[in-house]
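Thanks for asking me to look this one over. My notes follow as numbered points, best read with the model open beside you.

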Amino acid sequence: MLNWNEYRKQLMGRIGELGKLTPDTVTGYQALSNAGKKTNHLDAKTRELIALAVAVTTRCDGCIAVHADTALKLGASHEEIAEALGVAVALNTGAAMVYSARVLDAIAPEN
């Protein structure tokens with residue numbers, strides 16, 4: 001099993017290295033990541049729960065490591081995290097349904 005704390009530490013070190021090589025890339029990422037804090041229409045915990053659901057749908061281990069830690073620090077319960085993950089599961093199956101319909105279109109007699 002992955003040691004998520006160690007992975008997160010290593011990842012942040014590598015991102016620091018990337019920031020030295022291409023500072024504008026990391027600065028741009030940080031601006032996007034912090035945009036929600038400026039409008040504050042959603043609270044920080046809700047943004048982290050959304051980030052976790054998106055991390056699952058995009059299969060980003062680094063995102064999971066960072067946002068799981070932050071969500072817990074912001075007071076997200078295991079039940080809230082599980083509900084957010086349920087949304088991710090539903091979206092992935094929904095996408096599979098949509099693309100299944102596309103396959104049916106592709107094999108339709110008129111194509």
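1. Let me start with the salt bridge between glutamate 80 and lysine 45, whose side chains meet at 2.9 Å, N to O. Glutamate 80 sits in helix α5 (residues 78–106) and lysine 45 in helix α3, so this pair ties together parts of the chain that are 35 residues apart in sequence. Glutamate 80 is partly exposed, because its relative accessibility is 30%. Lysine 45 is also partly exposed, with a relative accessible area of 22%. Please keep in mind that this is a predicted model.

2. How many salt bridges does a search of the whole structure find? The search gives four. Salt bridges with shared partners join Arg8, Asp69 and Lys73 into one network.

3. Within that network, the side chains of aspartate 69 and arginine 8 meet in a salt bridge at 3.6 Å, N to O. The two residues belong to distant parts of the chain: aspartate 69 is in helix α4 (residues 61–73) and arginine 8 is in helix α1 (residues 4–21), 61 residues apart. Is arginine 8 buried or exposed? Arginine 8 counts as buried, because its relative accessibility is 15% and the cut-off for buried is under 20%.

4. Glutamate 17 and arginine 14 offer a local pairing to look at. Their salt bridge has its closest N and O atoms 2.8 Å apart. Both residues lie in helix α1, and they are three residues apart, so about one helical turn separates them. Glutamate 17 counts as partly exposed, because its relative accessibility is 42%. Arginine 14 has 56% relative accessibility and therefore counts as exposed.

5. Next, a loop residue that you may want to click on. Leucine 42 lies in the loop between α2 (23–39) and α3 (44–58). With 40% relative accessibility, leucine 42 counts as partly exposed. Which residues does leucine 42 touch, leaving aside its neighbours within four places in sequence? Its contacts are Arg47 and Ile50.

6. Stepping back to the fold, the protein chain has five helices and zero strands. Along the sequence, the pattern therefore reads α-α-α-α-α, with helices and strands taken as DSSP runs. Among contacts between residues at least 6 apart in sequence, 59% join residues at least 24 apart.

7. The overall dimensions deserve a comment too. The protein chain has a radius of gyration of 18 Å, whereas a compact globule of 111 residues would have one near 13 Å. Taken along the principal axes, the box filled by the C-alpha atoms is roughly 55 × 40 × 35 Å.

8. Turning to the surface, buried residues make up 18% of the 111 residues in the protein chain. The chain exposes about 8300 Å², and carbon and sulfur atoms supply 62% of that area.

9. Finally, a word on charge. The protein chain carries 11 positive and 12 negative charges, and the mean positions of the two sets are 8 Å apart.

Notes: Residues are numbered from 1 along each chain as its sequence is written. This is a predicted model: local features need pLDDT of at least 70, side-chain atom pairs count only at pLDDT 80 or more; totals for chains, interfaces and linings use all residues. Side-chain values use heavy atoms; hydrogens and water are left out. Helices (H or I, at least four residues) and strands (E, at least two) are DSSP runs, numbered from the N terminus. The radius of gyration is taken over C-alpha atoms; the globule rule is 2.2 Å times the number of residues to the power 0.38. Buried means under 20% relative accessible area, exposed over 50%, partly exposed in between (1.4 Å probe, protein chains only). Contact means heavy atoms within 4.5 Å. Accessible areas come from the Shrake-Rupley method with a 1.4 Å probe; for residues, only the protein chains shown count as cover. Lys and Arg count as positive and Asp and Glu as negative; His and the chain ends are not counted. The place of a charge is taken as NZ of Lys, CZ of Arg, CG of Asp or CD of Glu.
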